[in-house]
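Student: I am new to this structure and would like a close look at a single part of it. Please begin with one residue and its surroundings, and then work outward from there.

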Amino acid sequence: MQKRHFIFELITILMILSSGVCRSQQIFSKTYGHFDFNYGKDIISCGTGYFVLGNSGLNNDNSVPMLIHIDSAGHILKTGFGSGEGIMSASKFALNGDKLFVCGNVQNTSTNDYDCFLSIFDTSLVLEKTITYGGSSWDFSQCIIIKDTLIYVGGNSYSTPNGFSWGTITKLSLNGDSLNTTYFGNDGEASINNLIVRGDTELLLTGNYQAPDSLYSAAFIASTTLNGVINWSKNLSSELGKSVGNSISEGIGGNVAICGTTEKYDSISMKDGFSYILDNNNNYFRHEIYNTNCPYDDEFKSITSTAEGDFFIGGTTQSFGAGGSDIYLFKVNSGGWWLWSSTYGNVYDEDAAQIIYQPSDSGFILCGSSRYFGDFNDNILVIKTTKNLTFDQNPTHELSVSHYTEDAFFSAFPNPAKDKITFEGKQTENIKYVEILDISGRTLKIVPKENMVANSLDLSLFVPQILFIKVVTKKGTQTLKIVKQ
């Protein structure tokens, strides 16, 4: 009896351990979005899965920030949306305790002025407040990091004495109060595109800088104190030519790597991805420009370090893959030597905006966008891989209309449909017209609201196929996928 009990307990323990391994090795490919455009911008790992940041065409065809809380399998737990005056475009976000801090840019359409915004959400994705700040001209925020009780937002501003673009780091409190702004590159032009905290006293930055005597801007790496005093700065124009630094990461040995894009403008190559590495004493170690023999554009956008000391890069490529632009996954060792690379995509454009490392299983999580996978037009795309880059090749669409506001949009039935579909929902009275498109995006017919009977759309003249029904209302635009039998 005791032996049986022991065997039962042993089997139970093995099952629990086995199931834990399966969960930690969970892979998925998911798309999210239900409107004209949805772009994935950033992703953060949390105890219950991931927070995803994107922009959605929810605001009458204009952009608003969208937050999605998903579990470890990519299923939606909660969604939330930003709000404010003008067209809002989120750039990056940071998690601190029970708050999410989103930075981005807002456009005043009447004056064509751009300002920065900081939106604060709780972790149930309820918007608490949005603060807008900026000068008299264009101001942009590109990246955000939190250290203790201070927020650092990097970007650039044209609200300068000479009207040129200066790099900026704006320091704010956790309440969103702006404390001060430090300017960089004010002898030329500059932009800060990514920053990280190293240790307790240092910020590492990358972006692009154009010296007064130069015809083009080039990537740079810089170190500052937390008060914005420059420790050291390296202009990479001699190694990379016209270029931009997009992302920065610190390796486990203290070496620092940035990735970005360089432009050759010669007969062989246009844009190429690069990595640039400093050792743990901030001395130049090595740089590499990849695929210079390819005649199409390749761009590196995000870099993350791994527990093995390697670096993993996400970007886009037009040189490889099936589509116009495909997601480019690129792994290099601590010295920047290529280990392997892979692409992900289909006949339309896919893009990788942010990639992070998952220490629990050494896998990777990528956030980006897709024009092929999903409900139509651009959708947010999230991919979870193993450390060997095993991933789901066939994304499933997760975000339905019900995840937006119930009163704002509507549904159509039946689906599949033979002769007609009928729209239902509180916004049907605001329909202006309906556009019917085929799977390639070609417009087949436009039907004004006055030509519809009882909110129904006649499909009897169409052959069996997949149709996309783009419904334009006074409140926004919604696209539905319909199977015509």
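Tutor: Contact here means that heavy atoms lie within 4.5 Å of each other. The model is a predicted one, in which local features need a pLDDT of at least 70 and side-chain atom pairs count only at pLDDT 80 or more, whereas totals for chains, interfaces and linings use all residues. Residues are numbered from 1 along each chain as its sequence is written, and side-chain values use heavy atoms, with hydrogens and water left out.

Let us start at N96, which has its place in strand β6, residues 87-96. Strands, like helices, are DSSP runs numbered from the N terminus (E of at least two residues for strands, H or I of at least four for helices). Once its neighbours within four places in sequence are set aside, N96 is in contact with F101, I146, D148 and L174. With a relative accessibility of 26%, N96 counts as partly exposed, a class that falls between buried (under 20% relative accessible area) and exposed (over 50%), using a 1.4 Å probe and protein chains only. The C-alpha atom of N96 is separated by 9.1 Å from that of K147, although the two residues are 51 residues apart along the chain.

K147 leads us to the next part of the picture. Its side chain forms a salt bridge with D200, where the closest N and O atoms are 3.1 Å apart; a salt bridge is a side-chain nitrogen of Lys or Arg within 4 Å of a carboxyl oxygen of Asp or Glu. This pair links distant parts of the chain, since K147 is in strand β10 (residues 139-147) while D200 is in the loop between β14 and β15, 53 residues apart. The partners also sit in unlike surroundings: K147 counts as buried at 14% relative accessibility, and D200 counts as exposed at 58%.

The strands on either side of that loop, β14 and β15 (residues 202-210), run antiparallel and are joined by nine bridges. Two strands are taken to pair if DSSP finds at least two bridges between them. R198 has E202 in β15 as its bridge partner. Both strands belong to an open sheet of four strands, with the order β14-β15-β16-β17 and antiparallel pairing. Because β14 (189-198) and β17 (230-235) stand at the edges, each with a single partner strand, one side of each is left without a neighbour in the sheet. From one strand to the next the twist averages 20°, the angles running from 0 to 180 degrees between N-to-C directions of axes that are lines fitted to C-alpha atoms, for helices over the stretch in contact.

Further along the chain is another open sheet of four strands, in the order β18-β19-β20-β21, with antiparallel pairing. Here β18 and β21 (284-289) are at the edges with a single partner strand each, so one side of each has no neighbour in the sheet. Strand β18 (residues 243-250) and strand β19 (residues 256-263) run antiparallel and are joined by seven bridges. Within this pair, G245 stands opposite G260 in β19, and E250 has V256 as its bridge partner. Five residues lie between the two strands of the hairpin, where G254 takes a positive phi near 95°.

The bridge between K147 and D200 belongs to a wider set, as the structure holds ten salt bridges. Another joins the side chains of E128 and K99 at 2.4 Å, N to O. As E128 lies in strand β9 (residues 127-133) and K99 in strand β7 (residues 99-108), the pair ties together parts that are 29 residues apart in sequence. E128 is partly exposed at 41%, and K99 is partly exposed at 23%.

Finally, a word on the whole chain. It has two helices and 36 strands, and buried residues make up 54% of its 485 residues. The average pLDDT, the predictor's confidence in each residue on a scale from 0 to 100, is 86 over the chain, and 88% of the residues score at least 70. Residues 1-24 call for caution, as pLDDT stays under 50 over them.
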